[in-house]
Amino acid sequence: MKATVDGLIALADGHRDAAAHTWLRSTPATGAKGPIDAAANNNVGIAALIAGTPQLAASRLETATQLWADSRAHIERTDVPLAGRGSVFHLRLAMQHQDAFTQLKRQPLLDLCAAGSAISRCNSDLARARPQQAATHQDLIALLTATIGPGCADIRLLELWTAPDCEAVRAAYRAKAEALAQSAASFNVDSCDARSELKCAVQMTVLLHPSLLPAPTALK
């Protein structure tokens, strides 16, 4: 997590090569699994894009997307507790409508996986020079609003998508670094619940603004 914050600060200071170097040094081990590893592979992928190695970028971003899909599949297979504290009425209601209540508890976790995966796919489109669709950006904004919050830095980056490298873009990365640093103060990967881990992983997943791409780097 520290490497993510350090790289974001470097981007905020206008040092994209330093950010890429930071993330490339923290490349996760082959075979690592889970949403935190999905975020780490995503960040290595955008570091490779910044460094001008789109083949490596595409590979790592594909790994990130697959790890998000694996996390989603795991959640869909995992039993979700129906009730904690609550009235007898609510407990009976949950038992009578078990499938619906289970899905209600599972859906926020699936939405977090979808948000993380969508960021990685957006980065992958940059790596392969695919056109960015406005509707796709709106879907991602909706997911980020629901999972992270309407003021999150990634939404600001999407709003600035066609802008050049400017202070507003760098300010968005600084805001993301500050938000992640605050989350890191209370995050313990060994003791957190699934939602906390997934939310942290989404916050760690960096969206690369197009203005930071060296040209030409696209993988044809």
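Which hand does the crossing of α3 and α4 have? It's left-handed, and the second legend below takes up that pair.

**Figure 1. The whole chain is a predicted model built from helices.** The protein chain has 10 helices and 0 strands (DSSP runs, with H or I over at least four residues for helices and E over at least two for strands, numbered from the N terminus). Buried residues make up 45% of its 220 residues (buried is under 20% relative accessible area, with a 1.4 Å probe and protein chains only). Of the contacts with a separation of 6 or more, 72% link residues 24 or more positions apart (contact means heavy atoms within 4.5 Å). Since this is a predicted model, local features need pLDDT of at least 70 and side-chain atom pairs count only at 80 or more, while totals for chains, interfaces and linings use all residues. Residues are numbered from 1 along each chain as its sequence is written, and side-chain values use heavy atoms, with hydrogens and water left out.

**Figure 2. Helix α3 meets helix α4.** The axes of α3 (residues 35–50) and α4 (residues 54–77) come within 7 Å and cross at roughly 160° (axes are lines fitted to C-alpha atoms over the stretch in contact, with angles from 0 to 180 degrees between N-to-C directions). That makes α3 roughly antiparallel to α4 (the cut-off is over 145 degrees). Their crossing is left-handed, as the near helix is turned anticlockwise from the far one by less than a right angle. Look for Pro-35, Ala-38 and Leu-49 among the α3 contributors, and for Leu-56, Leu-67 and Trp-68 among those of α4. By class, this contact has 12 nonpolar, 5 polar and 2 charged residues (Ala, Val, Leu, Ile, Met, Phe, Trp, Tyr, Cys and Pro count as nonpolar, Asp, Glu, Lys and Arg as charged, and the others, Gly among them, as polar).

**Figure 3. Helix α9 meets helix α10.** Here α9 (residues 167–184) and α10 (residues 194–204) have axes that come within 10 Å and cross at roughly 155°. The two are therefore roughly antiparallel to each other, and the crossing is left-handed. Lys-176, Leu-180 and Ser-183 of α9 touch Val-202, Gln-203 and Met-204 of α10. That's 3 nonpolar, 2 polar and 1 charged residues by class.

**Figure 4. Confidence runs from α5 at the low end to α8 at the high end.** Mean pLDDT (the predictor's confidence in each residue, from 0 to 100) is 86 for the protein chain, with 83% of residues at 70 or more. Helix α5 (residues 88–96) has the lowest mean, 49, and helix α8 (residues 153–159) the highest, 97. Over residues 87–91 pLDDT stays under 50, and the model has 1 contact beyond four places in sequence for that stretch.

Technical notes:
Parallel < 35°, antiparallel > 145°, perpendicular 65-115°, else oblique. Buried < 20%, exposed > 50% of the residue type's maximum accessible area, 1.4 Å probe, protein only.
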